[in-house]
Amino acid sequence: MASPEETLRRSELSALQLERLNRQLSRLSESPPAIAERLASQGVARRPLADLEEVERLPFMTKADLREAYPLGLFGAARDQVARIQGSSGTRGKPTLVGYSPSDLTLWAEVVARCLTLAGARPGQMLHNAYGYGLFTGGLGLHAGAERLGLTVMPASGGQTQRQCLLIEDLRPDGLAATPSYALNIAEHFRAEGKDPRQMGLSWAILGAEPWTEEMRRAIEEAFAIDALDIYGLSEVIGPGVAAECREAKDGLHVHEDHFLVEVIDPETLAPLPDGVPGELVFTTLTRQISPVLRYRSGDVASLDHTPCRCGRTTVRMSRIKGRVDDMFVLRGVNIFPSEIERLVLADGELAPVYLLRLSQKGPLPELLVEVEALAGADGERAARRLSRALHDNFGVRMDVAVKPPGSLPRSDGKARRLVDER
Ligand code: DLL
């Protein structure tokens, strides 16, 4: 069942958002100092906004602001008000840390519970949670949301895939939470043990934390005989729970707009973009007490759709994330996201659903090597030639394809690394 906030009329929702935004702005004009000063310097400190459109007058925040304020500078609260600290993985340099008050943790659990409901979870079911527990928000975020909804949670965390398989086989959970790449890794592990993942009794999975494609969805749904739903979020906004797909339509992720105001902008000109046009997602937290963000530039590329959804919810839907602005690379003048290559690799019936992109530059121009694996018994060389042709037809540029021995490409147990930049 959708919660009442997910079925408000647009006018009611906008009024609620405006009221919450103004409350948040008046809090922010006092603290944290970095945001308060910026608001003051732009002359928007004290006067409440008259309508939501006016949000465009407010300054943006970026990851660089969070890095500058490391460790706790943007929390906007004394340390003893903070019930929990989480962060983003920070593969390069220091992690980005965010804080939660007790009521922020309640809000987080509530939006994750909504996502699980969207995915088809019902109280009394069991969730196998294979998102990593720790600083990363995936494990603890899904855990709290599942408890809130009344599920039994198996806190498996990421890794030790053999044990994951054993627990799934013996406990027969209804749902699986993992990154899409890890879900496939688990399916592969079952098969390697001579077991059919379709026989494990799973019926749905809630997958996210990394970009994935419709082709990947199909591969996962077929592997386990389940419905696979997309969940999106980022620690700077709350963690998982910002948005998720409904099982009824599987057509865009419902954004929990009563807590998160979303915009899409052109990342170059910073101008707002209309529905249907992909651009950078920008979020404002409306209710978070600690680590609030104002027009936070997520770096994620998607478009919005305000048309009503088949499931009855009225919240805006965002498209699947195409990729991160920083993961896009340019090959002979063509802009490419790794996910666009994923589509082609997974559409090939003779290739395994794993790949690694290596970007190098020996001469004057960058070159891309697409590493793939052939399925057992398939003609790898023929598949490589076919993929090479499909890549050329699709992008109009040449890319090299290398078929690696089965099982030799790295498998992920969390966020998969798709692109290795060797330049
Ligand atoms: O990845 C939160 C999360 C956990 C979401 C579990 C979903 C499930 P961070 O570690 O802060 O938080 O990384 C956030 O991951 O800006 C996106 O680039 C990417 N991301 C998250 N969900 C999706 C998704 C978590 N469904 C960053 N599709 C975001 C594509 C996603 N990318």
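Strand β12 (residues 296-302) is mostly covered here, with 6 of its 7 residues buried. Keep in mind that this is a predicted model. Below is a quick tour that starts from β12 and its partners, moves on to a second sheet, then looks at two single residues and the empty spaces.

**Around β12, β11 and β10**

- β12 has a pairing partner in β11, and the two run antiparallel over 4 bridges. One place to see this is Phe283, whose bridge partner in β12 is Tyr296.
- β12 also pairs with the strand β15 (residues 323-324), again in the antiparallel sense, over 2 bridges. Here Val301 has Gly323 of β15 as its bridge partner.
- Strand β11 (residues 279-285) is joined to β10 as well, by 6 bridges, and that pair is antiparallel. Within it, Glu263 is matched with Val282 of β11.
- How many residues of β10 are buried? The count is 6 of 6, so the strand is mostly covered by the under-20% cut-off for relative accessible area.
- In a regular strand, side chains alternate between the two faces of the sheet. For β10, both faces are covered: Phe260, Val262 and Val264 are buried on one side, and Leu261, Glu263 and Ile265 are buried on the other.

**The open sheet with β18 to β21**

- Which order do the strands take in this open sheet? The 4 strands run β20-β19-β18-β21, and the pairing is mixed.
- At the edges sit β20 (400-404) and β21 (419-421), each of them pairing on one side only.
- On average, neighbouring strands of the sheet are turned by 25° against each other, ignoring direction.
- Helix α10 (residues 380-395) packs on this sheet and touches β18, β19 and β20. The direction of α10 makes about 150° with that of β20.
- Inside the sheet, β18 (residues 351-360) and β19 (residues 367-374) are antiparallel partners over 7 bridges. Ser360, for instance, has Glu367 of β19 as its bridge partner.

**Two residues worth a look**

- His259 sits in the loop between β9 (253-255) and β10 (260-265).
- Is His259 buried or exposed? His259 counts as buried because its relative accessibility is 10%, and the cut-off for buried is under 20%.
- Leaving aside neighbours within four places in sequence, His259 contacts Arg20, Leu107, Val111, Arg114, Thr284, Thr285, Leu286 and Thr287.
- For a sense of distance, His259 and Ala130 are 129 residues apart in sequence and 26 Å apart in space, C-alpha to C-alpha.
- Asn22 belongs to helix α1 (residues 10-28). With a relative accessible area of 18%, Asn22 is buried too, since the limit is under 20%.
- Not counting residues up to four places away in sequence, Asn22 touches Pro48 and Leu49.

**Cavities**

- Rolling a probe the size of a water molecule over the atoms shows where empty space is left. In this model the count comes to 2 cavities of 30 Å³ or more.
- The largest cavity has a volume of about 80 Å³. It is lined by 14 residues, and the closest to its centre are Leu66, Leu74, Phe75, Leu97 and Ser291.
- By class, the lining of the largest cavity has 11 nonpolar, 2 polar and 1 charged residues.
- The second largest cavity comes in at about 60 Å³. Its lining is made of Ala34, Ile35, Arg38, Pro59, Phe60, Met61, Asp65, Leu74 and Leu294.
- Which element gives the largest share of the lining of the second largest cavity? Helix α2 (residues 33-41) does, with 3 residues.
- By class, that second lining has 7 nonpolar, no polar and 2 charged residues.

**The second largest pocket**

- About 750 Å³ of space lies in the second largest pocket.
- The pocket has 34 lining residues, and Leu184, Ala352, Pro353, Val354 and Leu375 lie nearest its centre.
- Each of α7 (180-192), α8 (214-224), α9 (338-347), β18 and β19 supplies at least two residues of this lining. Two of these, β18 and β19, are the antiparallel partners from the open sheet.
- By class, the pocket lining has 19 nonpolar, 5 polar and 10 charged residues.

Conventions:
Residues are numbered from 1 along each chain as its sequence is written. This is a predicted model: local features need pLDDT of at least 70, side-chain atom pairs count only at pLDDT 80 or more; totals for chains, interfaces and linings use all residues. Side-chain values use heavy atoms; hydrogens and water are left out. On a 1 Å grid over the protein atoms alone, a cavity is a set of points where a 1.4 Å probe fits but cannot get out, and a pocket is an open set with protein on both sides within 12 Å along at least five of seven lines; lining residues have an atom within 4 Å of a point. Grid points are joined across faces, edges and corners, and a volume is the space filled by probe spheres set on the points. Ala, Val, Leu, Ile, Met, Phe, Trp, Tyr, Cys and Pro count as nonpolar, Asp, Glu, Lys and Arg as charged, and the others, Gly among them, as polar. Buried means under 20% relative accessible area, exposed over 50%, partly exposed in between (1.4 Å probe, protein chains only). Contact means heavy atoms within 4.5 Å. Two strands pair if DSSP finds at least two bridges between them. Axes are lines fitted to C-alpha atoms, for helices over the stretch in contact, and angles run from 0 to 180 degrees between N-to-C directions.
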